[in-house]
Amino acid sequence: MQEAKAMDLKNLAALLIGGLISILGFLTVDASQPDSKLKVGISPFSPFVILAEEEPKGVSIDLWRQIALKLNVEYEFVVCTGVADKLKRLKEGRIDIAIGGITITEKREEIFDFTHTHYHTGLDILILKSEKSSLISFISAFFTKNKLMVLAWVLLLVVVAGHIIWLVERSNKRTTTTFHQKYFPGVFEGMYWALVTASTVGYGDKVPKRWVGRILAGFLIILFLPIFGYFIAQLSSDLTVRNLRHNISGPEDLVGRQVAVVKGTTSQEFMEKQRSYIYAFDNVENACAALLAEKVDAVVYDAPNLLFYANGEAKGKVRVVGKIFAAQDYALALAQGSRWREKVNRVILALLESGDIRRIQAKWFGDENSL
């Protein structure tokens, strides 16, 4: 009886020990080999992350592939809409690491862990390229929808007033006036008189002699002068604004200007402290599109991205001005307390010492722009 109880106890103990070993083994495997690949968050940020049809490429993509190779880990890229989206997913645990032009800031450090920096840069300013000729600038300012509408009304009134003054003041057999009796060139003389009267209150070479003509002249002056003055004022205003848009050489010139930034980035944080009118866009492409459409005076964003854009698809249309300001460092972002931080840091230091990071940057920026 006692031997049977002893056997039962031994069997129970063996089962318990076996179960414990199985649990420990499962936990050990789970801790060392995650049940899924590392999820790496990326978002468009040329030239650090470029979403190509085949696979993503860029400075940060090349760097991460080197890190993953050294760590011997499998991974998958998770495409996000921007930096803010990447950091949100990282905070919620939907990705394991975020890469691609992420700036280390005090606020972000309170929430996330960052690796060693791998790129030192700052903010810069993108503006429209100055017109080569003032004549081109004048013509482009002249041909806008509003000004063409006003000009059309002015010309219509000139034609109508020219006909009326000719009908009233034309010469006949009994009287002689300053307007020719025939329709041509008499009506052209009338339009000439209407135009100079509207713009300069007349030169004195063409004047109405009949009372009806004089009344028409007074009415024409009262009606035309405000319209003509408005047209000239609008044209002058546009030319002034165009000149001001090109008169930007640093952050101090952005005071009172309309500036485009990208939501959730250091460019927005910096510009919110300035006395400027801020327009926040979801991505830098939309911000630059607003600049090309002349809806804003400048774009403030990370210098490498603006340089890449200015020398690429918008070459000849925009330019980067001034020196880099608001210095910042790029790093990889991880969740607070991530076990990958130390491992990634060691690899980054190794890549810095071997010169691999410099070579990656030289591939995309050239030797003079590499770290």
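Buried means under 20% relative accessible area, exposed over 50% and partly exposed in between, using a 1.4 Å probe on protein chains only. The model is predicted, so local features need pLDDT of at least 70 and side-chain atom pairs count only at pLDDT 80 or more, while totals for chains, interfaces and linings use all residues. Residues are numbered from 1 along each chain as its sequence is written, and side-chain values use heavy atoms, with hydrogens and water left out.

**Exercise 1. Find which residues of helix α10 are buried, and explain why they line one face.**

Step 1. Locate the helix: α10 covers residues 284-292. Helices (H or I, at least four residues) and strands (E, at least two) are DSSP runs, numbered from the N terminus.

Step 2. Pick out the buried residues, which are Val-284, Ala-287, Cys-288, Ala-290 and Leu-291.

Step 3. Look down the axis: the buried residues of α10 fall within an arc of 155 degrees, so they line one face of the helix. The arc is taken from the directions from the helix axis to the C-beta atoms. As background, an α-helix has 3.6 residues a turn, so residues three or four places apart point the same way.

Step 4. See what covers these residues: β5 (119-128), β7 (277-281) and α11 (303-310) are among the elements in contact, where contact means heavy atoms within 4.5 Å.

Step 5. Check both ends. At the start of α10, a side-chain oxygen of Asn-283 comes to within 3.3 Å of the backbone nitrogen of Glu-285. Just after the helix, Glu-294 has a positive phi of about 60 degrees.

**Exercise 2. Place Phe-325 in the fold and list what it touches.**

Step 1. Phe-325 belongs to strand β9.

Step 2. Its relative accessibility is 11%, so Phe-325 counts as buried.

Step 3. Leaving aside residues up to four places away in sequence, Phe-325 touches Gly-122, Leu-123, Asp-124, Ile-125, Pro-251, Phe-270 and Val-300.

Step 4. Take one of these partners: Ile-125 lies 200 residues from Phe-325 along the chain, yet their C-alpha atoms are separated by 9.4 Å.

**Exercise 3. Put these details in the setting of the whole chain.**

Step 1. Count the elements: the protein chain has 13 helices and nine strands.

Step 2. Turn to burial: 39% of the 371 residues count as buried.

Step 3. Finish with contacts: among those between residues at least 6 apart in sequence, 69% join residues at least 24 apart.

Key. Polar contact = N/O pair within 3.5 Å; in protein donor to acceptor, adjacent residues only side chain to side chain.
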